[in-house]
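Please find below my notes on this model, set out as numbered points. They go from one helix to the pairing of the two chains.

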2 protein chains.
Amino acid sequence: MNNPVFNLHTFLSEHKALVNVHLEKILLELDSDRKLVQAMTHSLMAGGKRLRPVLALASARACGKDFTLALPAACALEMIHTYSLIHDDLPGMDDDDLRRGKPTCHKKFGEATAILAGDALLTHAFTILAHPHGLFDPVPEPQNLLELVAVISRAAGVNGMVEGQMLDMHPDRENKIKGNKPCSLDHLKNIHALKTGQMILASVVCGAVSVNAPARLRKQLEVYASHVGLAFQVMDDILNVQGDPEKMGKAAGSDVLKDKLTFPVVMGLGQSKAYAKKLADQAVDALDRFDNNADPLRAIAGYVINRDR
Amino acid sequence: MNNPVFNLHTFLSEHKALVNVHLEKILLELDSDRKLVQAMTHSLMAGGKRLRPVLALASARACGKDFTLALPAACALEMIHTYSLIHDDLPGMDDDDLRRGKPTCHKKFGEATAILAGDALLTHAFTILAHPHGLFDPVPEPQNLLELVAVISRAAGVNGMVEGQMLDMHPDRENKIKGNKPCSLDHLKNIHALKTGQMILASVVCGAVSVNAPARLRKQLEVYASHVGLAFQVMDDILNVQGDPEKMGKAAGSDVLKDKLTFPVVMGLGQSKAYAKKLADQAVDALDRFDNNADPLRAIAGYVINRDR
């Protein structure tokens, strides 16, 4: 770490607060008397880590530019992440009652409203990207805004997060059980690359696109992001086995109960921890040509594998 | 009609075919072995009227420009319309078994896959708008593409189609039953303006935006579209009472069974027909400064109230 005064805890809480202020501005433009808006607000403001938006802001900062240009993308990323959680929790999907320590959207507002609240958050994210004016200042150039729509929609869609969700719900059981051996690591990595990895990659890329960073920086940031994304998911699986339900806001061990394919299942708990550490180190190595503007990104790689929720 | 050789039937079938060719190109880029892609294909290629895409193409043509510039928006509009039908039909929503004469997406592929296929179609529509290159030629200018994202996402989202869906599922029953009188016409018009009107308006606007038409033309097209959109919905309600289930691909009378608020309920069948006719006439009147390039739009206003499905 080149910057001795950098404090990750302060960075995370300040940037999370900045994101929350702008998410509240977005919601305030809508009529809060409407049930649909209440359901969107319930899930969006339930107090998540805001990892994706913070990554976008930290990435813009690493490029040495005005990082507030990345706020529209940061908010859009969190809205899309939240929509994916709402739909993920539905009775027809994972059927979960708790999320971020609160009742899931459908538990509180009913199934139809939850489906529509997810649809509305996804759609509104693109409205924000296409027309951030009035809510954000400064805003990225039009051609950069259009690229943000492309990057985020690709990561969230049929070749990204949605397909990851399909694979997560219908993993290749034959592959898993074949000869009593667990599923291959490559198969599991592919599920996670799609389900969470692409959106984390997109978050970092969006920071660079928002400030119109050169392709050279963007490439290095992509390497960082792909390692951090996988480290994040390995750690998520570890926390699901041994985390504190109070801190996580959901029951521990739920993956095991649902017979989900996880890194601890495939490679054991100890190996999983070592793997997460190695991935975080590789992420930091990818930033070796960046100056101390990239210290937040470096610190986030450590945070991802040392968090407790 | 200024153009004696114009034939609406030919126009509709040719333009529908053109849209279908491009929707197939979009799907062909995806791996058809995947269940998610099969579910998207099942619903997208189930043979709808393609009214929204045809309106977009006819609107671009009315502006006297190369109407094929509107094909990316036309496809995106149909993908978003199809996603809304998939989610609308879900067990947690209207719980319908048939759509466009085929099993609904969840009946054929299961509920989880249907939710995700809807999500994927919505998201992929924005990918197409943000990056139509390779699939479409010519393509609109970047600033026009960004405006298409804004126009379509607003019409489809929290202040448009999704809110209309909320109101349709939870209409103000007190208002409806008050003093044994049916719900006010204004209330019903508001539901429909949101549920279907905004997307039909967006379709026409997208045609103008795709060809970068001047604001003057766009304003007149908006008046046309708001009347056609309402006429379409009044006719939909009429067909639900007296239509042929074979032609519509769904059961007649389903609105009555679900106690839905409709124009025949509020104003009677005869009045509803007269109202639809008046709206179509007003739509045509709005185009009085357009030349015969607008003949397709004029003819579509008539088609909307004379169709049998």
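1. How many of the 15 residues of H7(B) are buried? In this predicted model, the helix is mostly covered, with 12 of its 15 residues counted as buried. Among them are Leu145(B), Leu146(B), Leu148(B), Val149(B), Val151(B) and Ile152(B), and the list also includes Glu147(B) and Arg154(B).

2. The cover over the buried residues of H7(B) comes from both chains: it includes H6 and H7 of chain A, together with helix H4 (71-89), helix H6 (111-130), helix H8 (161-169) and helix H10 (185-210) of chain B.

3. The length of H7(B) agrees with expectation, because its 15 residues (142-156), at 1.5 Å a residue, should span 21 Å, and the end C-alpha atoms are 21 Å apart.

4. On the chain A side, Val149(A) lies in helix H7, and this residue is buried because 25 other C-beta atoms lie within 10 Å, where 20 or more suffice for that class. Leaving aside neighbours within four places in sequence, Val149(A) is in contact with Phe126(A), Leu129(A) and Ala130(A) of its own chain, and with Phe126(B), Ala130(B) and Val149(B) across the interface. Val149(A) and Ala125(A) are 24 residues apart in sequence, while their C-alpha atoms are 9.2 Å apart in space.

5. As to the interface as a whole, 39 residues of chain A are in contact with 38 residues of chain B. Helix H2 (35-44), helix H6 (111-130), helix H7 (142-156) and helix H8 (161-169) of chain A each supply at least two residues of the side that touches chain B, and H6(A) gives the most, with 13 residues. By class, that side of chain A has 23 nonpolar, 11 polar and five charged residues.

6. How are the two chains related in space? Chain A can be laid on chain B with an RMSD of 0.0 Å by a turn of 180° and a shift of 0.0 Å along the axis, and the two copies are therefore related as by a two-fold rotation axis. The same surface serves both copies, in that 97% of the contact residues of chain A recur in chain B.

7. Which residue of chain A comes closest to the rotation axis? That residue is Leu146(A), whose C-alpha atom is at 2.9 Å from the axis. The counterpart in the other chain, Leu146(B), is listed among the buried residues of H7(B), which brings these notes back to the helix with which they began.

Notes: Residues numbered from 1 in each chain as written. Chains lettered and ligands numbered in written order. Predicted model: local features only at pLDDT ≥ 70, side-chain atom pairs only at ≥ 80, totals over all residues. Least-squares fit on C-alpha atoms with pLDDT ≥ 70 in both. Contact = placed C-beta atoms within 7 Å. Helix = DSSP H or I, 4+ residues; strand = E, 2+ residues; numbered from the N terminus. Nonpolar A, V, L, I, M, F, W, Y, C, P; charged D, E, K, R; others polar. Expected span 1.5 Å × (residues − 1).
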